[in-house]
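Biologist: Could you walk me through this model? I would like to ask about it piece by piece.

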Amino acid sequence: MKKQKYTISFYSFTSCEGCMMNVLLWLAQNYKFFRENFVINHMKLLMADSPTKYGEDIAVVEGAVSSKKQLSEIKEIRKNAKILVAIGSCAITGAPSNNRNFLDDEEIRYYVKKFKQLEKVVSIKEVVNVDYELMGCPISVESFNTLIKQIIEKGI
Ligand code: SF4
C-alpha cells in the first residue's frame, strides 16, 4: 500500500527568517524522510514564485504580524490548515520583531500610517489559535525535527 503523504507549507511573516533558515537546514539533513512523508504546498524560500493555495495538513509559520494584510493572511491560513505550528520567538511572543512597539517616535508613526501597518506588532499566537509552538531565536534544527516527528506519530 502506498504511504500517505501530508501537505505542508512554510510561511514567513515579519521576521529575520532565521528560523526558516534552520527549517531549510532540517530539510537538507532529512531529505529522504521529508520526501517519504510530505509534499510542499507553499514555501517561498525554496520557490520564489511558490503559489499560495491555503488548506495544507501542516502550516509552519514564523514571524510576527505587523500589517493588516498579514493579519488577514494568517487568519486565512488558520482557517484552512489542519495543524498550525508557530516557530520561533517572533511567532510566539512577537519579540524581537516587535521592537517598534516600545518606541514613541514621530518617524515610526509616520511610516506605520504610510504603509498601513498595525499600530502594534503582535505575535501569531495573539491573533490565531496555535496547535504547536516551538520556542527559540532561532529554533534549533533538532527540536524542529523532534516536533515534526511527534506530530506525524500522533496523527493528523
Ligand atoms: S525568532 Fe529570532 S531567528 Fe526566528 S525569525 Fe524571529 S528574530 Fe529571526
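**Contacts, fold and core**

Modeller: Let's start with Ile108, which touches Arg100 and Leu103, leaving out residues up to four places away in sequence; touching means C-beta atoms, placed from the backbone, within 7 Å. Please keep in mind that this is a predicted model, where local features need pLDDT of at least 70, side-chain atom pairs count only at pLDDT 80 or more, and totals for chains, interfaces and linings use all residues. Residues are numbered from 1 along each chain as its sequence is written.

Biologist: Is Ile108 buried, exposed or partly exposed?

Modeller: A residue is buried with 20 or more other C-beta atoms within 10 Å of its own, exposed with 12 or fewer, and partly exposed in between, with C-beta atoms placed from the backbone. Ile108 lies in helix H5 (residues 106-114); helices (H or I, at least four residues) and strands (E, at least two) are DSSP runs numbered from the N terminus. Ile108 has 14 other C-beta atoms within 10 Å, so the class is partly exposed.

Biologist: Thanks! How compact is the chain for its length?

Modeller: The chain has seven helices and seven strands, in the order β-α-α-β-β-β-α-β-α-α-β-α-β-α. The globule rule (2.2 Å times the number of residues to the power 0.38) is set against a radius of gyration taken over C-alpha atoms. For 156 residues the rule gives 15 Å and the chain has 16 Å, which is close, so the chain is as compact as a globular protein of that length.

Biologist: Which element gives the most residues to the largest nonpolar core?

Modeller: A nonpolar core is a set of buried Ala, Val, Leu, Ile, Met, Phe, Trp, Tyr and Cys residues joined through C-beta atoms within 7 Å. The largest one has 31 residues, of which Ala59, Val60, Val61, Val85 and Ile87 touch the most other members. Among the elements giving two or more residues are strand S1 (6-12), strand S3 (58-62) and helix H7 (141-154). The most, five residues, come from H1.

Biologist: And which residues does Ala59 touch?

Modeller: Ala59 is among the core residues that touch the most other members. Setting aside residues up to four places away in sequence, the partners of Ala59 are Ser9, Tyr11, Ile77, Ala81, Leu84 and Val85.

**Ligand shell and backbone**

Biologist: Which residues come nearest to the ligand?

Modeller: The shell takes residues whose C-beta atom, placed from the backbone, lies within 6 Å of the ligand. By class it has six nonpolar, six polar and two charged residues, where Ala, Val, Leu, Ile, Met, Phe, Trp, Tyr, Cys and Pro count as nonpolar, Asp, Glu, Lys and Arg as charged, and the others, Gly among them, as polar. Of these 14 residues, the nearest are Ser15, Gly18, Gly88, Cys90 and Cys137.

Biologist: Cys137 is joined to Pro138 by what kind of peptide bond?

Modeller: Most peptide bonds are trans. Pro138 is in the loop between strand S7 (132-134) and H7. With omega at about 5°, the bond from Cys137 to Pro138 is cis.

Biologist: What phi does Glu17 have?

Modeller: Most residues other than glycine have a negative phi. Glu17 sits in the loop between S1 and H1 and is partly exposed, with 18 other C-beta atoms within 10 Å. Although Glu17 is not a glycine, its phi is positive, about 65°.

Notes: Two residues are in contact if their C-beta atoms, placed from the backbone, lie within 7 Å.
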